[in-house]
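Trainee: I would like a close look at one lysine and at the pairing its side chain takes part in. Please then follow the thread outward into the surrounding architecture, giving the cut-offs as you go.

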Amino acid sequence: MTDIEISNNCNMLDIVDIAKKLNISSNNLECYGKYKAKINLSEINKTNENSKLILVTSINPTPFGEGKTTMSIGIADAFSVLGHKSVVVLREPSLGPVFGIKGGAAGGGYSQVVPMEDINLHFTGDIHAIESANNLLCAIIDNHIYQGNELGIDRVVFNRCVDLNDRALRNVDIKYDNKGLIREDHYNITVASEIMAILCMSSDIDDLKVRIGNILIGYTKDNKMVFARDLKCEGAIAILLKDAIKPNLVQTLENTPAIIHGGPFANIAHGCNSIKATRLGLSLADYVVTEAGFGADLGAEKFLDIKCQVANLKPNCIVINCTVRSLKYNGGVDKTKVNEKNLDALKTGIVNLKRHIENMSKYTKNIVVCINKFNYDSEEEIEYIKNFVSNLGYKVEVSTSFKDGGKGCISLAEKIIEVCNKDIDFKPLYNFDDTIINKINKICKEIYRADNVIISDKDLEKIKIIEENGLSNLPICIAKTQYSFTDDPKILGAPTSFDMKVTDIKLSSGAGFIVVLMGSIMTMPGLAKTSAYLNMDIDSNLKITGLF
């Protein structure tokens, strides 16, 4: 199967007509041209007691992509085909991976959100607004130090950001003109900014301002915490986010409504679209399909332990997406041979899927496994996965939404409906009131299956300072490689007998969680030698190619 690039000249409906499908009042719609719009937050106040929340997650990602976004869109389209009012709620793509190794993030084939080019590029400007808000705070911090530093800031911990993969900005020196003061700074990619997380976690503009004020910006010499509110800048920063706080409405190729808002990565942030967008979907539709970034060990864990607990959400069903070739890759097959039939490798690599199923079953038994089928998958391989999952006691179905759109997801959607009709048995992995160390250990030992968690004295001291400031009752957001259950991206499958090493502890007090970095994870990616931008172009008629 080859990628299918679909032009924006497909049969898109006017965004006002898409809004009518969700009974959104025109007074609460702010159009950005014909095919994009912002939705006012007042629409969230609607109630829909019949709405069902479906979380789409995946096995650990591989170089080939597992099609999680494609599957989320296909499932939402299938619900529409079956006559249900549905909406897909997704994250916004970041320019970094769009021009880097990953490319676009608007789905694929006949399961895409459109206008694809706009969504993958500047969209409605949300990420640019987040970047500007982040860097305004940095400018205010440095200006305060330059002007006399009345707060006694000795160590700055809030960094600048840019929404591109630019490894040259990982470490920079800042010089204060003729003051002779120089300090080291670091750039993050914008989707790793705490402002991004705050936009996604906040409920309204007042909550947004409080959270901005709660951002830890630095420490004094005696380790006293200094917050953004001490600079009295939260109102000014929130001004830059007055439009970005509103979720965006677009559509799928089959004209199913799609809400897209927020875009934190799951390997370096919490990996979920905004709480506002998800609540909006639940206010407007009967079936709300959303996704969490990367594999279930990262994105789904954070969705369930952080987002659901903060927003009081309970998923009716978790869909775990997988592909035959990715399971064979986890079984040791060279990436040049994953499309060849290899039942032995599949039997070895399917342990990755099994572990994700076991992990998600700790939260709920309402699980469906989706096999994203490609033309080169053999029927014997497909049947092996189906029998394997069925023997574990869970529903499983094949999807061909990439080439067939919503019709390729009908059987899968019907199984999801069956599961959604069951009672919700959701429970998080840990309680916020547990100790920081216990919460870290619980994730690492129960989800990643590590034997031990190694924490240096330096990081233990950081944890102690957090506890002494009364902030230990925050959830944990682990930043690590997405490619493995371990902190080593080369260890595939379902490894056992390993330790995990904490490399840093960062308090995101505005977002409301504690970031625990593990392994050699970086918050500023770099471009690959062969990146997606090499295949992109625009002609004299402004038609874009290679952006998918």
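What is the relative accessible area of Lys36, and does that make Lys36 buried or exposed?

Mentor: Lys36 is buried, because its relative accessible area is 12%, where buried stands for under 20% relative accessible area, exposed for over 50% and partly exposed for what lies in between, with a 1.4 Å probe and protein chains only. The model is a predicted one, in which local features need pLDDT of at least 70 and side-chain atom pairs count only at pLDDT 80 or more, while totals for chains, interfaces and linings use all residues. Residues are numbered from 1 along each chain as its sequence is written, and side-chain values use heavy atoms, with hydrogens and water left out.

The partner of Lys36 is Asp118, and their side chains meet in a salt bridge at 3.3 Å, N to O; the term requires a side-chain nitrogen of Lys or Arg within 4 Å of a carboxyl oxygen of Asp or Glu. This pair links distant parts of the chain, since Lys36 sits in the loop between strand E1 (29-31) and strand E2 (37-39), whereas Asp118 belongs to helix H4 (residues 116-120), 82 residues apart. Helices (H or I, at least four residues) and strands (E, at least two) are DSSP runs numbered from the N terminus. Asp118, with a relative accessible area of 30%, counts as partly exposed.

A further salt bridge brings together the side chains of Lys38 and Asp126 at 2.5 Å, N to O. Because Lys38 lies in strand E2 and Asp126 in helix H5, this pair ties together parts that are 88 residues apart in sequence, and both Lys38 and Asp126 are buried. The search of the whole structure finds 24 salt bridges, one of which joins the side chains of Asp404 and Lys403 at 3.2 Å, N to O. There, Asp404 is partly exposed at 34% relative accessible area, and Lys403 is partly exposed at 38%. Elsewhere, salt bridges link Glu30, Lys242, Asp243 and Lys246 in a network.

From Asp126 the path leads along helix H5 (126-146), which is among the elements covering the buried residues of helix H6, together with helix H7 (205-213), helix H9 (275-284), helix H10 (296-311), strand E22 (499-508) and E23. Eight of the eight residues of H6 (residues 194-201) are buried, so this helix is largely enclosed by the rest of the structure. At the N-terminal end of H6, Ser193 acts as a cap, with a side-chain oxygen 3.0 Å from the backbone nitrogen of Ile195. Helix H7 is capped in turn by Asp204, whose side-chain oxygen lies 3.2 Å from the backbone nitrogen of Asp206. In H7 the buried residues are Leu208, Arg211, Ile212 and Gly213, and they pack against H6, strand E13 (225-227), helix H8 (234-239) and H10.

Two other lysines repay attention, and the first of them, Lys307, has its place in helix H10. Lys307 is buried, with a relative accessible area of 1%, and a polar contact of 2.7 Å joins its side chain to that of Thr278. Such a contact is a pair of N or O atoms within 3.5 Å; within protein, one must be able to donate a hydrogen and the other to accept it, and residues adjacent in sequence count only if both atoms are side-chain atoms. The C-alpha atoms of Lys307 and His270 are separated by 8.5 Å, although these positions lie 37 residues apart along the chain as the sequence separation.

The second, Lys480, lies in the loop between strand E21 (476-479) and E22, and Lys480 is buried, with a relative accessible area of 0%. The side chain of Lys480 makes a polar contact with the side chain of Asp297 at 3.3 Å. Apart from neighbours within four places in sequence, Lys480 is in contact (heavy atoms within 4.5 Å) with residues including Asn267, Tyr448, Phe485 and Met518.

The nonpolar interior completes the picture. The largest nonpolar core, a set of buried Ala, Val, Leu, Ile, Met, Phe, Trp, Tyr and Cys residues joined through side-chain atoms within 4.5 Å, has 138 residues, and those with the most contacts inside it are Ile217, Leu249 and Leu353. A second, separate core of 39 residues includes Val88, Val113, Cys370 and Ile410.
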